[in-house]
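Hi,

Here is the structure I promised to send over. Have a look at it first, and my notes come right after.

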Amino acid sequence: MEAPSQGVDPPRPSGSAATKPPGPKSGFVTALEYTGIPASWLRKPKLPSRNWLIFIGTTSSILSLYVYDRREAKRIKQSYIDRVKHLAEEPMKTWELPRKLTVYACKWPGDEEYESSMKYFKRYMKPVLAAAGLDYEINNGNQHGALARVIAERIKSRRRIALGLEEEPPKVPLPRPADYKFDEREHELKGGVVVVGRHSFKEYMEGLRRGWTESLEKVDREEALSRILENDGHFDEPEEEQPADQFSQEESSTEKPEGGSPQTPIVPFSPLARLRLPPREQPKPQAPAEPPVPSHLDIPPSTIPPQPPLLFLPYKSIVGFLNIPRMIIDFFNERHHVKNGCEAAYRVIMDETREFQGPSLSESSESASSSQESESDLSFGVDQESDFRGAYDKLPKDIEGYRKKYYEALPAKLTTARALARGEREPTKDEKTYPPPTEVELAAERLKKEMNWRDQLEGYEILKKGSPVAWDDRFRGSLRVFVDPPKEDS
């Protein structure tokens, strides 16, 4: 027998012989084939490919997390609604009013959406309150510091009304029995105050401090600012130096003749001269000035009356590109927000309170230090300050840059406005199409910008990271806080 030659492959079996013959079919499968079922449906199932397994596993995991989270959120909310819905079914007299809460929310530092904290209250706390039949009023600050000013002005107005310095606004009387006396102050104390987030809590306490410690004089903020700005020299006209020959001509024209008074220039009469005179400005009627508050009445009270109980609703706004992973995690943890909102609403509904724990008496000041805050209720939500956007820390520097840029461009605008107003030159084609602002409009624009810049800086001083919460020792005994009700024995 000859050996195979080197470099030549041995012969391979044909394709029919290489494939393994299929095994015998079972009688059940053979019977199903005759029913018209496709043969592909009767093959032995096998696992999908690697890529399909990755896709199916990822998609099903994400969908399962979402469904579980939303189902738990719905269950938690419904469980709290079932606890309190019987309170809304209790009968009331036609002249009685339900408990009413005052909700304070404001703009989160660094977030351009000023209604985010108000939406948080409506989404997570409002359903349980509505199920219990409680009423509420929302006060939302659209700018930093605006909420503190509103609260302070309300308190000052009540103080003026109590001292007889201001008339109480008229109210629509409700039909009530003659022997029923409605005490609005008592009804307010039966309600409560809900503060959404650390930022709103800071503004609320600052508004309380201003309202009970500052003067009762009514101050028009725009008028006060305009008096400050009118003497800063930005709208003063530059003094033009006149040439020497012009001074000599003016002196020669005003020299006295020999035995008479100085000569006056002769102006030829024209019947159109009267029409060229500018119209006289009619004096604007001034509003009657507010009478000053007597000094013996313009004194802060030694004690502060009881205030409605306070509830702090934890809230933080996650904004910024670097916080996208946290946003994704937060999206799949809706049940935690629902639980926080429902628990807060349940505390308000059950109306269990305790006294507000202020800082220690060892160091008394308008604003408590950070060490004192950690030992008192002034530390509500202090950990949320770390989520204030970093860009908010640059606010004073940004405003300084805006101011500098604005005042550098202001002289050119004033020159153009004055030249066109006095007819020193004709307006250009672009100025005819888009008239430049007049001097009066520039002054109004400047007042508006300065007011906005100063308000932002005022709010920044209240809300910046590490700034202490406003406090006054007279708040002791007048503030209370909602707490969890005692657990029912099962």
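Below are my notes on the strands, the aromatic rings, the cysteines and the main pocket.

First, the ground rules: this is a predicted model, so local features need pLDDT of at least 70 and side-chain atom pairs count only at pLDDT 80 or more, while totals for chains, interfaces and linings use all residues. Residues are numbered from 1 along each chain as its sequence is written, and side-chain values use heavy atoms, with hydrogens and water left out.

Let's start with β1, residues 100-106 (strands here are DSSP E runs of at least two residues, helices are H or I runs of at least four, both numbered from the N terminus). Six of the seven residues in β1 are buried, meaning under 20% relative accessible area with a 1.4 Å probe, protein chains only. β1 runs parallel to β2 (135-141) over seven bridges; strands pair if DSSP finds at least two bridges between them. A105 has N140 as its bridge partner in β2. β1 also pairs in the parallel sense with β3 (192-196), over four bridges, and there L101 stands opposite G192.

On cysteines: C106 counts as buried because its relative accessibility is 0%, and C342 counts as buried at 1%. If you're wondering about disulfides (cysteine sulfur atoms within 2.5 Å), the count is zero.

Now the rings. There are 19 aromatic pairs in the whole structure, counting Phe, Tyr and Trp (its six-membered ring) with centres within 6.5 Å; planes under 30 degrees apart are stacked, over 60 edge-to-face, and the rest tilted. One of them is F356 with W471, stacked at 5.8 Å centre to centre and 20 degrees between the planes. That pair links distant parts of the chain, 115 residues apart: F356 is in the loop between β5 and α14, W471 in the loop between α17 and β6. Both are buried, and ring pairs link them into a cluster with F201, F312, F380 and F475.

Two arginines also have their charged end over a ring (CZ of Arg or NZ of Lys within 6 Å of the ring centre and within 35 degrees of the ring normal). R70 sits over F331, 4.8 Å from its centre, and R83 over Y80, at 4.5 Å.

Finally, the largest pocket holds about 1200 Å³ of space. Its lining has 33 residues, and R158, K171, E184, R185 and E188 are the closest to its centre. α6 (146-162) gives the most to that lining, with seven residues.

Cheers

Notes
Buried < 20%, exposed > 50% of the residue type's maximum accessible area, 1.4 Å probe, protein only. 1 Å grid on protein atoms, 1.4 Å probe; cavity = no way out; pocket = protein on both sides within 12 Å on 5 of 7 lines; lining within 4 Å. Points joined across faces, edges and corners; volume = space filled by probe spheres on them.
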